[in-house]
Amino acid sequence: MTGPVSGRRASLITLVAVAALAGITASVIGAMSLADAMIATGLPNPGPITTYGLPAVRAAGEIAAAIAVGGFLTAAFLIPAQPNGVLDVGGYRALRLGGYASAVWSICAALLVALSVSDVSGLPLHQLGLGDIWAAADLVEITNAWRWTAALAAVVAVASVPVLRWAPTPLLLLGSLITLAPLGLSGHSSSGGAHDIATNSLFIHLVTAALWMGGLLALLVHAWRVGTHLDTAARRFSSMALWSFVAVASSGSINAALRISPNDLLSDYGLLLAGKALAVVAVGVLGWQQRRSAVKALRDDPSDRQPLVRLGLCEAFIFAVTVGIAVGLSRTPPPPKRAEPSAAESAIGFEPAGAPTAARIMFDWRFDLILGTLAVVLAAVYIGWVHRLRRRKAPWPVRRSMFWLSGCAGLLVATSSGLGSYMPAMFSMHVLVQVLLSSLIPVLLVAGAPVTLALAALPRTSATEVPGPREWLGALLGSPLARAAADPRVVSVTFIGGLVVLHTETVFTASVNNHSAHVLTNFLLVVTGCLFFAVVSRSADAPRRRVAMLVAVPASYLAVGLLVGRRSDVLGESFYRSLRLTWHTDLLADQRTGTAIAVTAALLALSCGAVAAAWPHLRRRRTVRARDVAAVSQ
């Protein structure tokens, strides 16, 4: 670490060594599991190139994906930008690292399309032409997933090229995380019973592991390159790594519990799971040592990088082995289930207990690991900010806290109670939950004024200090993207058009057939609803615009009711029939119930909108009347 040239060489050697170790580990485990995989699939041996190359390329690609996430994470939140918004030298290097890694990730994913076709067909790679690979890629889920991954990673890599300022880096980080989504849609977690929970836990596992591992590798590169603000970056990463460890360990445990039983722990699959768990624990212990020694050493002397590099290298190579084991697990057939899942379990991950009743809706809970966890986290963060204000003796309205907590509770109930359980199985419940997610819950959340609370609670840094979360939030609110998202025309079109498009045949069928699309739809409904009602709440000084936007809410629900109500056939009928629920056979009647719910929601929204539109006028009249009474009494 004597200069930038030697640091660049050392960082490159480190990253290549980590990727090579992950690839070798995955190849060895994949070769050992080949016999069981061929027995399970009944396919012939595709040859050594596919046998050893597929797991090696996938492991190296996943390392590249993590490095991309870590590079953009470092540029966005670990290394502060310059006061004028232009990236610091260290931040720019991290950005370029993320762009190069995204390009490598795209190339690996493209190679995996051909290798996966060879693997699922049992044909050696040299016997497949480009036409055969392209035709098969449309028919096989995993190859189609790799095509999407290659395209998304390529877009992120190209988008990062012209970036020089801080503002786009959070979006690049988000894009790099999205490239991991196809991994969560394939493999053992995407099929069979309880695949809803398995897919959610796998997605959390992949995202948090990429943030943890990628952040560590990018931090190591920054240390090798003798980058500035290393003490700040290490301190911020250490805090994030702690929560990442908790998320990785808990989500991995949930996913493992769904895949095997205690009697299967001594199987090949169980032993690999145990090895992966031990590796994660080992990295966690080293991270704890990192927090105690390396971060402390940097706090005392920002030039003392040796403890960070020494412990970081150990963590990085254990991470490489962990990725290799994970890829080997994906190539190893899990122990067979003792009971075949029912049609409903195969389609939505579980089978409802029976026809919906008040008791079942209230007490038959199935926790949504993504949106349910989000509701709990949002409530906890909000309470923490309010507590911070109270310690400063700063006031915060209790009614705003009640609104926010009610919205979080509503999100938890809508996605994890019987409402959320029956939503994928019944059209009427589907409409009811979407009404709650798009209107009632966003209204409560917006009334909680979370942005105002965050700006008041988060500490303000001086011009000479390193910018923190409050400055990030301020920069985000002032960005062109935020201004576009707050445009009344944009949010109105998104809100109305989104609800209508979601109930067209093609989009509705796709959303109910795929669990990930179902979760994404619910998430987008909440986000667009919050944006819409946030703009409505800021339009008090523009009564015409406020009234027009409030009229858009019942209009959208009426449009959904008319769109569905005029149909003589059942929307998504083939999917609902495939569930084979004996208590749910009159699908047309259930669809009419859903239409009635949409129309009722429109009438309620119209009534609430009328009150909200007239409220400022009524409030002014009460104020004037109170002044008149006071004047007469004097």
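**Group meeting: a cavity, helix 18 and some loops**

I will start with the largest cavity, whose lining is made up of 26 residues; nearest its centre are Asp196, Gly420, Pro424, His515 and His518. Please keep in mind that this is a predicted model. The volume of that largest cavity comes to about 280 Å³. In total, two cavities of 30 Å³ or more are present in the structure. A word on how such spaces are found: a probe the size of a water molecule, rolled over the atoms, shows where empty space is left.

Which helices supply at least two residues each to the lining of the largest cavity? They are helix 9 (195–224), helix 13 (343–348), helix 16 (398–416), helix 17 (418–422), helix 23 (505–513) and helix 24 (515–537).

Now the protein as a whole. It has 27 helices and zero strands. Of its 634 residues, 47% are buried. Taking the contacts with a separation of 6 or more, 78% are between residues 24 or more positions apart.

Next, helix 18. This helix covers residues 427–447, and its 21 residues should span 30 Å at 1.5 Å a residue; the end C-alpha atoms are 30 Å apart, so the two figures agree. There is a bend in helix 18 all the same, of about 35 degrees, at Leu437. Is helix 18 mostly covered or mostly open? Mostly covered: 17 of the 21 residues are buried.

Two residues of helix 18 deserve a slide each. Ser439 is in this helix. Its relative accessibility is 10%, and because the cut-off for buried is under 20%, Ser439 counts as buried. The side chain of Ser439 makes a polar contact of 2.3 Å with the side chain of Tyr557. Setting aside residues up to four places away in sequence, Ser439 touches Phe495, Phe533, Val553 and Tyr557.

The other is Val435, also a helix 18 residue. Val435 has 14% relative accessibility and therefore counts as buried. Without its neighbours within four places in sequence, Val435 is in contact with Leu440, Tyr557 and Ala601. Take Ala601 from that list: 166 residues separate Val435 and Ala601 in sequence, yet their C-alpha atoms are 7.2 Å apart in space. Tyr557 is a contact of Val435, and Tyr557 is also touched by Ser439.

Phe495 leads us on to helix 24. Thr528 is found in that helix. The contacts of Thr528, not counting residues up to four places away in sequence, are Thr494 and Phe495. Phe495 is also touched by Ser439. A polar atom of the Thr528 side chain lies 2.8 Å from the backbone oxygen of Leu524. Helix 24 came up earlier as one of the helices that supply at least two residues of the largest cavity's lining.

For another helix, look at helix 6, residues 141–160. At 1.5 Å a residue its 20 residues should span 28 Å, and its end C-alpha atoms are 29 Å apart, which agrees. Which residues of helix 6 are buried? Thr143, Ala145, Trp146, Arg147, Thr149, Ala150, Ala153, Val156, Ala157 and Ser160.

Now the backbone angles. Most residues other than glycine have a negative phi. Ala449 has a positive phi, near 50 degrees, and is not a glycine. Ala449 comes just after helix 18, in the loop that leads to helix 19 (450–457). Is Ala449 buried or exposed? With 11% relative accessibility, Ala449 counts as buried.

Arg580 is another residue that has a positive phi without being a glycine, here about 55 degrees. Arg580 sits in the loop between helix 26 (573–578) and helix 27 (587–633). At a relative accessible area of 67%, Arg580 is exposed. To put the two side by side, Ala449 is buried, whereas Arg580 is exposed.

My last residue is Leu123, in the loop between helix 4 (89–121) and helix 5 (130–137). Its relative accessible area is 35%, so Leu123 is partly exposed. Leaving out residues up to four places away in sequence, Leu123 touches Pro46, Ser118 and Leu128. How far apart are the C-alpha atoms of Leu123 and Thr50? They are separated by 9.2 Å, with the two positions 73 residues apart along the chain.

Notes:
Residues are numbered from 1 along each chain as its sequence is written. This is a predicted model: local features need pLDDT of at least 70, side-chain atom pairs count only at pLDDT 80 or more; totals for chains, interfaces and linings use all residues. Side-chain values use heavy atoms; hydrogens and water are left out. Helices (H or I, at least four residues) and strands (E, at least two) are DSSP runs, numbered from the N terminus. The expected span of a helix is 1.5 Å times one less than its number of residues. The bend at a residue is the angle between axes fitted to the seven residues ending there and the seven starting there. Buried means under 20% relative accessible area, exposed over 50%, partly exposed in between (1.4 Å probe, protein chains only). A polar contact is a pair of N or O atoms within 3.5 Å; within protein, one must be able to donate a hydrogen and the other to accept it, and residues adjacent in sequence count only if both atoms are side-chain atoms. Contact means heavy atoms within 4.5 Å. On a 1 Å grid over the protein atoms alone, a cavity is a set of points where a 1.4 Å probe fits but cannot get out, and a pocket is an open set with protein on both sides within 12 Å along at least five of seven lines; lining residues have an atom within 4 Å of a point. Grid points are joined across faces, edges and corners, and a volume is the space filled by probe spheres set on the points.
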